[in-house]
Amino acid sequence: MLKRLRLTDFKSFVDEAVDFAPLTLLVGANASGKSNCLDALHFLRELIRDLSVSDILDGEQGLAAWQEPSPGIRGGSAGACRIGTSSFTIESTWATPPFPEEDLPARESLVHRIRCRTQPDPDWIEEGIYSGEAVWLEVTEAQEGTWTAGSVWRGPAGPVKMPSRTGCSILWQVPWTVLTHYPLDAPGVEVLGLALHEAFQRIYPLDIRPERMRGYGQMKRPQLAPDGSNFSGALAHLCESSEEKQAIVDWLTELLAPEIADIDFVGVKELGDVMAILVEKDGKRVPARGLSDGTLRFLGLLLALRTAEPGSLFLIEDIDSGLHPARVHVLVEFLEALVRERDVQVIATTHAPVVLQALSRETLLSAVVFGRVPGHEGTLMRRLGDLPHFEEALARKGIDELFATGWLEMAL
């Protein structure tokens, strides 16, 4: 799980850090920096691939034909650094699983830090993995930005001979290049590298698009795509479990005005194609192609989270999009229940005070507000629970009034 994120000169941030909970809502005015924070996590997700910094920032530009296209970061390399700077640093702290079989010191978290430049050409400057005071693996740029075979990387046991640099993150090199071909003298480096590689691999940006969910799906592909494609196929696969199917029916009954009695499917047996159908209590059958945008978005989130592996981190923009305000509490109840039951994490933006109203006290205090303050350069981000006098103001006015009047941003 992501515990903390620190951004230095990344986009609109000068030097800001914030802690994250299992469910963290990001709030603030338009262009306040919420999406910039998510962009930093998108960047980390791409580090586990065989990509250069330029490929990650600028997307498909420069990718070989055989590589999976990279979506790039909003604004590309030209907009990655704060105006007036030419490098940025992203530092993330992660809770990691224990490794009882390994001779490693006790620890609560791992820190990954990467510093990149955008001028004269996008590239990384330094990168490291740390645990408390220990340096587990640290690499800094050699003269003129090149590495030679046998370059020295620093680890807990001292200098470690490593292969020539490929231009990619150590999170890609450690699990695949280094471990496969180059034994390490530094105990535990491979285990910690793999732990962070797995954490970054489980960052899932979700961009559920109802128009992608209305067609037939493939049962042989049980996964929902990040944009919602293969919705009917993924739902059919999950509904093979009667317990899971009933749980979905129960959530839909709370969400929708017509009570849902069952979920059925029609298909083309020869092709393996299926179409989901919601069966209302009066017998009316509504296929996926006839469902509302809000219903499909909710079902997409439900499927993604209920089928996620433990440790998954979902990034979602405008999480309440398409939902009636009177039903937002169902979404919040669902999210708070799922992060507990399935050990997953959700970081999502919202512009709706009704979402904050529905949060439990613990989750509300963990929400993060973004804003710009006159006389202070760059975006500020603070947990609501860390704002001065927040709980006193909350008791007097309520979160909806604090949100609507701009009190949250002024309290920064």
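Why does Leu-271 count as exposed? In this predicted model, Leu-271 has a relative accessibility of 55%, and because values over 50% are taken as exposed, the residue falls in that class. Leu-271 sits in the loop that connects β12 (260–268) with β13 (273–280). Together with Tyr-216, Val-266 and Val-268, Leu-271 makes up a nonpolar patch on the surface, and the four residues share about 340 Å² of accessible area.

Attention now turns from the surface to the empty spaces. Rolling a probe the size of a water molecule over the atoms reveals where such space remains. The largest pocket holds about 1,200 Å³. Its lining consists of 38 residues, of which Ile-203, Tyr-204, Pro-205, Leu-206 and Pro-226 come closest to the pocket centre. At least two lining residues are contributed by each of α1 (34–46), β10 (203–206), α7 (293–306) and β15 (313–316). The largest share belongs to α1, with five residues. In character, the lining of this pocket is mixed, with 19 nonpolar, seven polar and twelve charged residues.

A look at enclosed space gives one cavity of 30 Å³ or more. The largest cavity has a volume of about 30 Å³, and its walls are formed by Leu-23, Leu-25, Ile-319, Leu-331, Val-332, Leu-335, Val-355 and Leu-359. Two elements, β3 (23–28) and α8 (328–341), each give two or more residues to this lining, and α8 provides the largest share, with three. The lining of the largest cavity comprises eight nonpolar residues, with no polar and no charged ones.

Methods: Residues are numbered from 1 along each chain as its sequence is written. This is a predicted model: local features need pLDDT of at least 70, side-chain atom pairs count only at pLDDT 80 or more; totals for chains, interfaces and linings use all residues. Side-chain values use heavy atoms; hydrogens and water are left out. Patches are made of residues with over 30% relative accessible area and no salt bridge: like charges are joined within 9 Å, nonpolar side chains (Val, Leu, Ile, Met, Phe, Trp, Tyr) within 5 Å. Accessible areas come from the Shrake-Rupley method with a 1.4 Å probe; for residues, only the protein chains shown count as cover. A salt bridge is a side-chain nitrogen of Lys or Arg within 4 Å of a carboxyl oxygen of Asp or Glu. Helices (H or I, at least four residues) and strands (E, at least two) are DSSP runs, numbered from the N terminus. Buried means under 20% relative accessible area, exposed over 50%, partly exposed in between (1.4 Å probe, protein chains only). On a 1 Å grid over the protein atoms alone, a cavity is a set of points where a 1.4 Å probe fits but cannot get out, and a pocket is an open set with protein on both sides within 12 Å along at least five of seven lines; lining residues have an atom within 4 Å of a point. Grid points are joined across faces, edges and corners, and a volume is the space filled by probe spheres set on the points. Ala, Val, Leu, Ile, Met, Phe, Trp, Tyr, Cys and Pro count as nonpolar, Asp, Glu, Lys and Arg as charged, and the others, Gly among them, as polar.
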